[in-house]
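Trainee: I have a two-chain model open and would like to go through it. Can we start with how far to trust it?

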Amino acid sequence: MNVSDILFYFLSALAIGSAILVVISRSPIYSVLWLIVTFFAISGHYIMMNAQFLGIVNLIVYAGAIMVLFLFVIMLINLNTDAKPQKGKWLRLAGTVAGGCLLLVLVAALKNTEVKGMGVQVGTGDIGLINQLGKALFTEYVVPFEISSILFLSAMVGAVVIGKK
Amino acid sequence: MNALVLSAIWGVIMMFSGIITSRLKVVRVVAVLGIIVLLLSTIMELNGTKFFGFNLNGMLVFDTFSLLFNSVIFFCVLIYFLLSGKDIEKVGMNVPDYYALLFFVLAGVTMASSFNTLLMLFLGIEIISIPLYILTGSDKRNLKSNEASLKYFLMGSFSTGLMLMGIALIYGAKASFNLDVIGGTTTELTPMVSAGLLLLLFSMAFKVSAAPFHFWTPDVYDGAPGVFTSFMATIVKAAAFIAFIRLFRGGFTEVHAKWQLIVAIITAATLFIGNITAVFQQSVKRMLAYSSISQAGFMMFAIVSLGDAALEGLLYYAAAYCLATIGVFAILVRMKDYTYDGFNGMGKHHPAIAAANTVFMLSLAGIPATAGFMAKFYMLSVAINAGKLLWLVIIGILCAAVSVYYYFRVIQAMYFKDGEKQEIETGPGFKLLLGITAGFIIFLGIFPQWLIEKLYFFL
């Protein structure tokens, strides 16, 4: 087991563990903080796969901008820990059973998957570099790239419609 | 491609029309003009005239089926704008923006009907969904509308997340987004492909509101302003079905036998839940929401059988269902009382509207000589031809019989019960257009081949 394998397993365990903590934390502030840890771990994966640009953008956009927005919103609406709505016992049981079933099915399905035993492939791809990414975006994927502007435009129009008096 | 570019451009034009003029009638005329341009440009593309020569890298494939479906949809939207344009103006202050969002949805619809990579599928479904979240909540002073919008947004983004995860798993197994590659190499279900397939199936079932992913539908359709419910229940649902069948025909035909049973069970559950629950509704708007679930059950037959005949059937069903539902909603949103009692005595006070409404209801119920009958007939016959699914066909027929009850309750209220005269704001143009729509439904019901032959006419 070399360094990259150890790093891969460490980052994966960190990502999964902090993602679970996002869900089970009682205070929303803790959830947001654990989510930031998850993003850092995923950025680590990107960087190991030689996608430095994606890793940094992931940090700047998600861990930076969006999470700060999250924290501000939570501070503004001033959520206390006891303000959390109490779910019924049966509802919680049903949720646990349903989620557990999904987990069981996914684990059973992916246990024998085709990529079994393959760790991270360090330094093999170069699509995550800004040079390659730009080339791919503006040659092969230029149509979806331009079309996504419709998506953002409609989201902006929507924000104005909802926000205006 | 014509329609995709033009609808995006026309969305921007609609936004600017709000700056240039404050007269809503002008805005409405510009919107109607836009949809006519879209319809004509699609028909021209069917005849081989392409305005834009982009290199699409095989990401969007505009074949006869998708172009013909787009024409049908644009025709339905034209009817919708003409019938309900005035009611869009009553929803709120930002009328040009509503039209702009509707045109952006149409851009998404053209993508959903002609995508050839999972990337385009995702973009198309998102471009359809995001404007709809906003249109659902556009009646800002109404608490029910706000609740519906939030609920739709949360559930919708969750199902989009499922779709993304499915796409990621499929990409991990096949190293390609392209449907041709996925379809060509998926000869057996490996674990990653089957997990991805199931997640895609669930998210698409959510988008078309098939049971057990239908829980959002009644609340959202009931809470949203009536005009936009009409749009969501018809145009968007039909587009989601086209995306559904394109995805599963293109990607997973070879392993059809392995997932057919799951889809058959979803279909049976959708038919059963949609029809049985619709019987107990008191509000016609909510009944129509459940009826849209049960109609989705019939359209699911196309996904179950997946043949060429299924494409014909789905195209025809989309036309029949959209026209009838747009007509019913156009009448409903002009009424003050959305319950069955609101229809009491309509046959006496508004005979023309009642007659048109009767045709729409008969078509939805699937009575012979209307388009709805031939549509259901097509769906059931493709399921019979697919073989070994006779139990599903029997459930379908039983549920169609149940649906007659709640559609005929409206007809009964209109003709056999007395009621106060309700004010329904109508002009001669509205009545004429309702008459034309009803006539078109009967025409399609008597000459179904007229539409279906078009599939093989433009080659």
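Mentor: Chain B has a mean pLDDT of 91, and 100% of its residues reach 70 or more; pLDDT is the predictor's confidence in each residue, from 0 to 100. This is a predicted model, so local features need pLDDT of at least 70 and side-chain atom pairs count only at pLDDT 80 or more, while totals for chains, interfaces and linings use all residues. Residues are numbered from 1 along each chain as its sequence is written, and chains are lettered from A and ligands numbered from 1 in the order in which they are written.

Trainee: What ipTM and pTM does the complex get?

Mentor: The predictor gives an ipTM of 0.88 and a pTM of 0.93.

Trainee: How many helices and strands are in chain B?

Mentor: Chain B has 20 helices and zero strands. Both are DSSP runs numbered from the N terminus, with helices being H or I of at least four residues and strands E of at least two.

Trainee: And chain A?

Mentor: Chain A has six helices and zero strands, and its pattern along the sequence is α-α-α-α-α-α.

Trainee: What radius of gyration does chain B have, against a compact globule?

Mentor: Chain B has 21 Å, which agrees with the value near 23 Å for a compact globule of 459 residues. The radius is taken over C-alpha atoms, and the globule rule is 2.2 Å times the number of residues to the power 0.38. Along the principal axes, the C-alpha atoms of chain B fill a box of roughly 65 × 55 × 45 Å.

Trainee: What does chain A have on that test?

Mentor: Chain A has 20 Å, but a compact globule of 165 residues would be near 15 Å. The C-alpha trace of chain A spans about 50 × 50 × 25 Å along its principal axes.

Trainee: How much of each chain is buried?

Mentor: Buried residues make up 14% of the 165 residues in chain A and 59% of the 459 residues in chain B. A residue is buried if 20 or more other C-beta atoms lie within 10 Å of its own, exposed if 12 or fewer, and partly exposed in between, with C-beta atoms placed from the backbone.

Trainee: Is B:N57 buried or exposed?

Mentor: B:N57 is partly exposed, because 15 other C-beta atoms lie within 10 Å. B:N57 is in the loop between α2 (24–46) and α3 (64–88) of chain B. From B:N57 to B:N116 is 59 residues in sequence and 9.8 Å in space, C-alpha to C-alpha.

Trainee: Changing topic, how many residues of each chain are in contact with the other?

Mentor: 29 residues of chain B are in contact with 22 residues of chain A. Contact requires C-beta atoms, placed from the backbone, within 7 Å.

Trainee: Which helix of chain B gives the most?

Mentor: α5(B), with eight residues. The side of chain B that touches chain A divides into 20 nonpolar, seven polar and two charged residues. Ala, Val, Leu, Ile, Met, Phe, Trp, Tyr, Cys and Pro count as nonpolar, Asp, Glu, Lys and Arg as charged, and the others, Gly among them, as polar.

Trainee: At what angle do α15 and α17 of chain B pack?

Mentor: About 170°, with the axes of α15 (residues 351–365) and α17 (residues 390–416) 9 Å apart. That makes α15(B) roughly antiparallel to α17(B), a label for angles over 145 degrees. Axes are lines fitted to C-alpha atoms, for helices over the stretch in contact, and angles run from 0 to 180 degrees between N-to-C directions.

Trainee: What residues make that contact?

Mentor: Among them are B:A354, B:M361 and B:L364 in α15(B), and B:V404, B:F408 and B:I411 in α17(B). The residues of this contact divide into 10 nonpolar, three polar and no charged.

Terms used:
Parallel < 35°, antiparallel > 145°, perpendicular 65-115°, else oblique. Contact = placed C-beta atoms within 7 Å.
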